[in-house]
Structures are given as structure tokens and as C-alpha cells.
Amino acid sequence: MNNLIKKLSVLAVSMGMGISGLYAQAGFGEAQAINSDWRFHLGDIQGQASAEMKHGTWQQVRLPHDWGVKYPLSPSLASATGYLPGGIGWYQKQLLIPMEDQGKKIFIYFEGVYNRSEVFVNGKSVGKRPNGYISFSYDITPYIEFGKENTIAVKVDHSKSADSRWYTGSGIYRDVWLVKANALHIDQWGVYAYPELKQGKGMLNTEVTVVNSTSNGSAVTIVQELIDAAGKVVANQSEKVKIDATAKATIQQQLTVANPKLWSLDQPNQYTLRTSVLQNGKKIDQSAIKTGFRTFTFDPNKGFALNGEWMKVKGVCLHHDAGVLGAEMYAEVWRRRLQTLKYLGVNAIRTSHNPQASSLYTLCDELGLLVMDEAFDEWEFPKRKWLQGWNVGTPGFEGSYDFFESWGEQDLADMVKRDRNHLSIFAWSIGNEVDYPNDPYSHPILDGEKKEGGFTQASYGGYKKDAPDAMRLGDIAKKLVATVKRYDKSRAVTAGLAGVAMSNETAYPGHSTLQGTIIPKVVINWIISVIQRA
């Protein structure tokens, strides 16, 4: 088993470098995967993250790493965790930053840490991120000692292990990158491209955001080139922009291609958008993303069309684990899995119920699979999780609800910014079944009264007037949809419904008041059918 995991790790790293190249997931600077030579300790430690932490009892590991799947199953553990342990774990790595890097900005980028992580550099905390599914980075430049070895330590607190209704894994279960950048560089996920098709022409609309972290204003030139599969530049644009000191600037451009090759399920054609930042004629940053051309159409009477071709969306829900490999993300394992699903007739994936690793979306782009990218399974209230056995006994109420108010909109924004360039994503989902009737929301419609032409769900114990008002669903949904639309106006926004009769009385998905976004009924119906089959 250990040999298999090592082999898969090598395959995943080689594939990740092939996909990302020099300019990796963060989308700026020179990125290097730093998955090797970590040490791991299960259990909390004294001294919080001292730079002098000893390795005597620490296990040497290679990322990605999920400690939960390495331990024996136990009936005393929660069924919600797959009967595997959570707890608190620590990771540590020594990192030499050469003296010649002094003057550069140094970042550390985590694709995912489950969960409630805190990162330390040389014993000093540089930040916390509670959501275990969101990618994030820290500017660690102020904490680095150049020309010396630096201690990177990560505390992972999954002591509230029964926090989901499926196996989540525990630890640094996705890739980690060290990013070195100029003080003036492309923002994280700062290149955005969305296509349009008109009269046989493809228009690629782009936005580029550049960060100036210096104390002086500076003029730069943004050059964008669109490259086809054969390596030919088929369109290019350039524009000068002045960026104030310690500020950001965003420019918009459009690249036009006559008769572009479209991305489809059978022929997932892609182009490469190369973005360069020039200062005084010298290239100081570069980004390369995969993009292309396709159209989505939603119609309540006809259904869904890709590039004008009406089709059935035959989707499956996929959690982020890989069976006996746990939550560790190996791209080649997922390639085989997705190829098998497509061979069986699947043409769409729903990420249930959270963002997944970047390479999953890259694979769906490459293989020709539609994706509904989903953000949350809980909002402001927890769902019950079974602590011993399944669906029996006294449930627990651990979850992610406790940081939703403070982090929810930021987490959603980061999901959209990271994933929005993927051609495969055709819709965003802001939640899964957060509207269980009387669990905890309630509404008079549950007493059996219905409007003309409507329907009710009189089960679930009827209306409970002391329960939270279901109208809050709409209030929260409006905020979340507005967040999505702030960063991507090109796709539909929806959610998975459980209490449809109740939700239809609110401004929750299905209603036309969501910041001007009409959520297509065909999407909702597809989600419900997928939930029922999953």
C-alpha cells in the first residue's frame, strides 16, 4: 500500500507540473511544488510552533497527506467520519530561501488543508483559514530569513471531526507551492477570461489585475497572446497601465478569433492565454491559463444546450475522496475515474458539496465533462451527524456553521476567482440542501396550505413558529449570488433544494429576485434528480 501511494504521488506531481508549468495554481510568479520532506506529528504540541521544534517522534511524509485514512477503522468513531479519526496534527518543513531572492516577494500557497489551519513561519503565525476546501496563500516575505533555513509549521485542528456527512480526511491533503514574485506582479487568480461567440467569431474577454506592493507608482505594459493547440498565436493585445504605489489596477481587453474551434464534450478544444507584464521592456511576471470558446443556453421549456446543441445533463455527485487513498489528491487516479465515468455515459460532475482540487477541473476541461462547482453544505446552522452507527442514536452538531458568517462570502469569492477560467464549469452552486424543513427553518406552507397551482410538503412535523424563519434563506442567498456575480457574470447560479415547497416561498434559488439572476428550473430539477440517485 505504501509503495502504491508513493508511486501515485510521483505521478500526481509530474502531472501537476505538466498542467501548471512554471506558473502554477496561484496564477503569478515562479511557483515550485514543495510537497517533499515534510514531517508530521499527530496530537497537539507544547510551545505552539517554535522554530526549534524537535523531530524525534515525528513521521516523515510527502504531501498530499491525509492522516485519517492511515489509521484503523473503529466502531467507536463517528459514521460521519467513515469511522476514522480526526484530531489535531502538526506539519513541519525546513525551507532554504537563497540570499539572491532578497527583494522578491515570497508566498506560500496551499491548495487545501482540512481543516481550521494555522500557518507559522519561524515560530510566528502568518494566518488562519478554517475552511478545509478553500485554496489560500500567505505573503511570508516579512517572516523569512534569507540565506538561511526557515521553519514552516502548519497546525491542523480537526478535533471537531464529525463536521460533515461524509469522509473529509484530515491534514494537508492537496499540493503546496512556494511562489517567488516581483514586487509588482499579477494578482493571485488575477487573470480572468470568458468567451463569447457572435457571427462565427470568438471574442475572449479578459481582465487582468496587477498588484504594486512598492512605495512608488509604476507604468507597465500588459501583453496577452492567445495560442492554439498547435502553438500558433492566433490573437494578441497589449495595453499600458499606471499603477499607484501600494495599489492594484485592472485592465480589460478582448481578443478576437475567426472561426474558433469550440470546446465540447466530444471535442474539448482548448487554447492557452499567455499574459505578460512588462516594465521598461523587461518581463517581470507571466501567467498561462487554459481557455477557449463555448456557449451555454438554459431554457425552462427546452432544457440545456452546449454550443446550441440541446442535450440531457447526465451527472453524478462526486465527493473529493478517492476510496482507500482517502482525501489525498492524485491527479492520475482521478483521470482514470473520470474516464471510466465518461465511458459509462456520464457527461457532468457535481462537486458535492464543496470546491475540489484544481486538477479535477483541469481534467474535466481536458476530457470534456461539464461541472457544477458547489460551495457549501451548511450555512448558518449545522446539520446532524451520526456519531455511532448511521441514522441512529443521538446526533452531533459539529460543522462549518460557526465560521460561515465571518468567512462565507470570502470563501465563495475565492472559489469563484480560482475556478472561473475552467471551460467545463457551467454553473455555480451556493449550497446543498440548507433548506431542510424544520431543520431548522420553518414556514407556514408546511402546515399544508398552498397557493393556487402550488404544492406543499406537509410532512416534517408541520409549521413550527418558534423555528428560524425560512425567509432568511433568501436573504443569505442574495448575498452569496451577489458575491458570485461580482467575479463572474457569465454563468448561472443555483443550489440543491430539499424543502422545495418551503423554499419556493422565499427568494431562495428558483425565484427571480436573486440580484437579477433567474435560476433555471432545468438546473434545479437536474440537481434534485442527482441528489436522489446519489
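Trainee: How do α2 and α3 lie relative to each other?
Mentor: α2 and α3 are oblique to each other. Bear in mind that this is a predicted model. In general, two packed helices are described by the angle between their axes and the distance between the axes. Here the axes of α2 and α3 come within 10 Å and cross at roughly 40 degrees. That angle is neither under 35 degrees nor in the range from 65 to 115, so it counts as oblique.

Trainee: What is the hand of the crossing where α2 passes α3?
Mentor: Right-handed.

Trainee: Which residues of α2 and α3 meet?
Mentor: From α2, take A331, W334, R335, L338, Q339 and K342. They meet S359, L360, L363, C364, E366 and L367 in α3.

Trainee: Why is α3 said to be largely enclosed by the rest of the structure?
Mentor: Count its buried residues. Buried means under 20% relative accessible area. In α3, 9 of the 10 residues are buried, so the helix is largely enclosed by the rest of the structure. Among them are S358, Y361, T362 and D365. Just after α3, look at G368, which takes a positive phi of about 85 degrees.

Trainee: On which strands does α2 lie?
Mentor: α2 lies across β21 and β22. The helix runs at about 150 degrees to β21.

Trainee: What is the strand order in the sheet that holds β21 and β22?
Mentor: Read an open sheet from one edge to the other. The order is β21-β22-β23-β26-β27, with parallel pairing. β21 (315–318) and β27 are the edge strands, and each pairs on one side only. From one strand to the next, the twist averages 25 degrees.

Trainee: How many bridges join β22 to β23?
Mentor: There are 3, and the two strands run parallel. For one pair, find R350: its bridge partner in β23 is M372.

Trainee: Where is N354 placed, and is this residue buried or exposed?
Mentor: N354 is in the loop between β22 (348–351) and α3. Its relative accessibility is 1%, so N354 counts as buried. Leaving aside neighbours within four places in sequence, N354 is in contact with Y133, W166, E374 and A375.

Trainee: Which residues touch the most other members in the largest nonpolar core?
Mentor: That core has 46 residues, and L338, W379, L412 and I430 touch the most other members. Several elements give two or more residues to this core, including α2 (331–343), α3 (358–367), α4 (404–419) and β26 (425–432). α5 gives the most, with 6 residues.

Trainee: What is W379 in contact with, leaving aside its neighbours within four places in sequence?
Mentor: The list includes Y401, F404, I430, G431 and V434. L473, I476, A477, L480 and Y508 are also in contact with W379. Apart from this core lies another, of 32 residues. V179, L226, Y271 and V277 are among its members.

Trainee: In what order do the strands of the antiparallel open sheet run?
Mentor: Its 4 strands come in the order β1-β10-β5-β8. The edge strands are β1 (30–33) and β8 (136–139), each pairing on one side only. The twist here averages 25 degrees from one strand to the next.

Trainee: How many bridges join β5 to β8?
Mentor: 4 bridges join β5 (residues 105–110) to β8, and these strands run antiparallel. To find the pairing in the model, start at Y109, which stands opposite S137 in β8.

Notes
Residues are numbered from 1 along each chain as its sequence is written. This is a predicted model: local features need pLDDT of at least 70, side-chain atom pairs count only at pLDDT 80 or more; totals for chains, interfaces and linings use all residues. Side-chain values use heavy atoms; hydrogens and water are left out. A nonpolar core is a set of buried Ala, Val, Leu, Ile, Met, Phe, Trp, Tyr and Cys residues joined through side-chain atoms within 4.5 Å. Buried means under 20% relative accessible area, exposed over 50%, partly exposed in between (1.4 Å probe, protein chains only). Contact means heavy atoms within 4.5 Å. Two strands pair if DSSP finds at least two bridges between them. Axes are lines fitted to C-alpha atoms, for helices over the stretch in contact, and angles run from 0 to 180 degrees between N-to-C directions. Angles under 35 degrees count as roughly parallel, over 145 as roughly antiparallel, 65 to 115 as roughly perpendicular and the rest as oblique. A crossing is left-handed if the near helix is turned anticlockwise from the far one by less than a right angle, and right-handed if clockwise.
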